[in-house]
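Dear colleague,

I am handing over a structure that I would like you to look through at your own pace. Please open the sequence and the 3D view together, and then read my notes beside them.

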Amino acid sequence: MANKITINPVTRLEGHGKIDIFLNDNGDVADAYFQVTELRGFERFCIGRPAEEMPRIVPNICGVCPTPHNMASTKALDYIYGVAPTPTAKLVRKLQYNANFIEDHYIHFFFLAGPDFVVGPDADPAERNILGVINKVGLDIGKKVIEVRKKTREIIKLIASKPAHPEGGLPGGVPRGITEEERKTIRRTADLSVEFAQFAMQLFKDTVLKNKSYLDLVLSDAYNLKTSYMALVDDTKKVNFYEGKLRVIDPSGNETAFFHPNDYVDYIGEWVEPWTYIRLTHLKKLGWKGLVEGADTSLYRVGPLARYNVCDGMATPLAQKEYEQMVETLGKPSHHTLAYHWMRLIEALQAAEDLQIIADDPLLTSKNIRNMNFQFTGKGVGCVEACRGVLIHDYETDDNGLIKKVNLIVATQHNAAPIGLSVKKAAQAFIKGGEVKEGMLNMAEMAFRAYDPCLGCATHTLPGKMPLVVDIRDPEGNIIKTISR
Amino acid sequence: MKKKTLIIGLGNTILSDDGAGILTAQEVEKQCRGLPDIDIVEASLGGIGLLDLMAGYKKVIIVDSIKTAEGQPGKIYRIGMEDLGNITYPCGPHFLDVRTAVELGNKFGYEMPDNIEIYAVEIKDNTTFSETLTPEVEKAIPVLVKQIIADQELMK
């Protein structure tokens, strides 16, 4: 029987998110599984509610991705009501969506990745936090992060009333338009965001790419996982967060599928394993092949690294330049899990540039913000790129527009099996012969932190200490040692 | 200038008992409506979002739910900042602890509260989508409301 190590990063909500690492009889890593708490009864909760309530309900599913849920839901409503948003409405939606990408990506980079890369993976855990990052980069930069976040959230608030849990979302349009005065404010926020994006890129290059030991870590086999990838791209196969077709490439980089999100059931399979409630997604046409990487895998990844591998380029000039440097350094496809962080910063730059483009668009302030020419269909699939990857909302209603069926596929679901594999590889490199040290565990944690997995489905946590607890168990499952910080 | 008290009801009202903190804050608001120098807000967030909310207030009272290993649903806890432990690596950017949020705010020059208190009610179910509380937690809400009003001398 295998030994078992449990990394449980959240103490308040038991089992909220955890990684089980199983050791073999020699004390080496045999397997690793990523799990999140099962939230029950969402479909039952929704059934019988008017479809138009969904964009207001779904942001409460998750405190981490409220805007993507809101947007996927709104796009599903477009299909249910058989109506396309007006050009101005689409611009306003994209404004909201790009603002979300900027604030979310920077909070991730500075708060979650920053402690590992800016402070250092081996640093004292007491220093390896956002305060340690600020001590390194300086208080002014810390203030800038907060300012960019505040101003981009003001854009979300302007359009959807609340940034944490957007309330806007109408089929065929948006609840309000943009005035000329607001356009000026948005343009200033866009300029600030582009300027900050360039700073953040430089910080990444200086602290990671110019640091040989960090770069070696990024390029090491411990953080390399060969899977397929899936992401939304536009007609020219450039990165698009809001709309497009889903493109899939295999581990060698060959395109294996290119389809409209409405057809997702033909391409995405959902598999149930006894150790998790998550329906593990895989490429349906290949069938479920288990938790394996390489040429024979049917697993794919989503999120920033997937968007990098799947696209033919970025949609804006400065981001494209940065993308080209990343391609020059890592090649394509890149299977380096820690490269998720690099692409995250390039995407924040694209989102900021796109804010500038939208702010300058004459159509932005048009009053034509709603298309009410409804052709009710009763069925709708809404698909967006959440910051963490492909997000799909699939609804069906009765003839009165009341929900009768709901299916959601979220980014962490696509990535759940690969996260387990990534942690297994990192743990194999850093945990040997049953020896488990704090620093080594952080290396294993870095593998799952790269994906920025959504553990926040309960939307908040009691704001207290959340120590890492590691239970080392003997073959009978008894705890023989507990390590915590 | 800092003078107001902020009461934050934390939770998610579509996840059964997870809404206990928000429902408590709503009831406190009903009973204390119109009192000067007290703001009451509902929030479904943690981490850095708390910094935004708390900045500028003299005192903050957080009302939340809690789940402990051996806890009895409905039990009420009063927790001070000193009980929250040291700053740790967050398990997510949205899980910044309240101490870090306060320290960050202070560093950035915001006026952060001098005093933060947390009330929490032990809950039973926070994983089922429902707008209904379990009976033990539902019974605890009026008790907690009364305790907060008395402890904090809100009706004085």
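What follows is an account of what was found, going from chain A as a whole to a few single residues.

Please keep in mind throughout that this is a predicted model.

Chain A as a whole

Chain A contains 14 helices and 14 strands, and 64% of its 485 residues count as buried. When the contacts in chain A with a separation of 6 or more are taken together, 67% of them are between residues 24 or more positions apart. The accessible surface of this chain amounts to about 17000 Å², and carbon and sulfur atoms make up 50% of that surface.

The nonpolar cores

As background, nonpolar side chains in soluble globular proteins tend to be buried together. In this model the largest nonpolar core has 140 residues, and the ones with the most contacts inside it are Tyr106(A), Phe110(A) and Met54(B). Helix H4 of chain A contributes the most to this core, namely 17 residues. A second core, separate from that one, has 24 residues, and among them are Leu39(A), Ala51(A), Tyr395(A) and Leu15(B).

Which residues does Tyr106(A) touch, once its neighbours within four places in sequence are left aside? Its contacts are Phe111(A), Val148(A), Ser193(A), Phe196(A), Ala197(A), Ala200(A), Leu345(A) and Ala348(A).

Ile146(A) and the helix in chain B

Ile146(A) lies in helix H6 of chain A, which covers residues 139-160. Is Ile146(A) buried or exposed? Its relative accessibility is 5%, and because buried means under 20%, Ile146(A) counts as buried. If residues up to four places away in sequence are not counted, Ile146(A) touches Ile48(B), Phe108(B) and Tyr110(B). Its C-alpha atom is 9.4 Å from that of Tyr106(A), although the two residues are 40 residues apart along the chain.

On the chain B side, helix H3 (residues 98-107) has Val98(B), Thr100(B), Ala101(B), Val102(B), Leu104(B) and Gly105(B) as buried residues. Against what do the buried residues of H3(B) pack? In chain A they pack against helix H4 (87-119) and helix H5 (130-137), and in chain B against helix H2 (48-54), strand S3 (59-66) and strand S5 (115-122). Just after H3(B) comes Gly109(B), which takes a positive phi of about 85 degrees.

A pair of histidines

His69(A) belongs to helix H3 of chain A, residues 66-80, and with 4% relative accessibility it counts as buried. The side chain of His69(A) makes a polar contact of 2.9 Å with the side chain of His393(A). Apart from neighbours within four places in sequence, the residues in contact with His69(A) are Val58(A), Pro59(A), Ile61(A), Cys62(A), Leu391(A), His393(A) and Val410(A).

A four-stranded sheet

Four strands of chain A form an open sheet with mixed pairing, and their order is S6-S5-S4-S9. The edge strands are S6 (255-259) and S9 (300-301), each of which pairs on one side only.

Strand S5 of chain A, residues 245-249, runs antiparallel to S6(A) and is joined to it by four bridges. If you would like to follow this pairing residue by residue, Leu246(A) stands opposite Phe259(A), Arg247(A) has Phe258(A) as its bridge partner, and Val248(A) stands opposite Ala257(A). The hairpin of S5(A) and S6(A) has five residues between the strands, and in this hairpin Gly253(A) takes a positive phi near 100 degrees.

Strand S4 of chain A (residues 228-233) also pairs with S5(A) in the antiparallel sense, over five bridges, and here Leu246(A) is the bridge partner of Leu232(A). Leu246(A) therefore appears in both pairings, with Leu232(A) and with Phe259(A).Why is S5(A) largely enclosed by the rest of the structure? Four of its five residues are buried, so the strand is covered for the most part by what surrounds it.

With best wishes

Technical notes. Residues are numbered from 1 along each chain as its sequence is written. Chains are lettered from A and ligands numbered from 1 in the order in which they are written. This is a predicted model: local features need pLDDT of at least 70, side-chain atom pairs count only at pLDDT 80 or more; totals for chains, interfaces and linings use all residues. Side-chain values use heavy atoms; hydrogens and water are left out. Two strands pair if DSSP finds at least two bridges between them. Helices (H or I, at least four residues) and strands (E, at least two) are DSSP runs, numbered from the N terminus. Buried means under 20% relative accessible area, exposed over 50%, partly exposed in between (1.4 Å probe, protein chains only). Contact means heavy atoms within 4.5 Å. Accessible areas come from the Shrake-Rupley method with a 1.4 Å probe; for residues, only the protein chains shown count as cover. A nonpolar core is a set of buried Ala, Val, Leu, Ile, Met, Phe, Trp, Tyr and Cys residues joined through side-chain atoms within 4.5 Å. A polar contact is a pair of N or O atoms within 3.5 Å; within protein, one must be able to donate a hydrogen and the other to accept it, and residues adjacent in sequence count only if both atoms are side-chain atoms.
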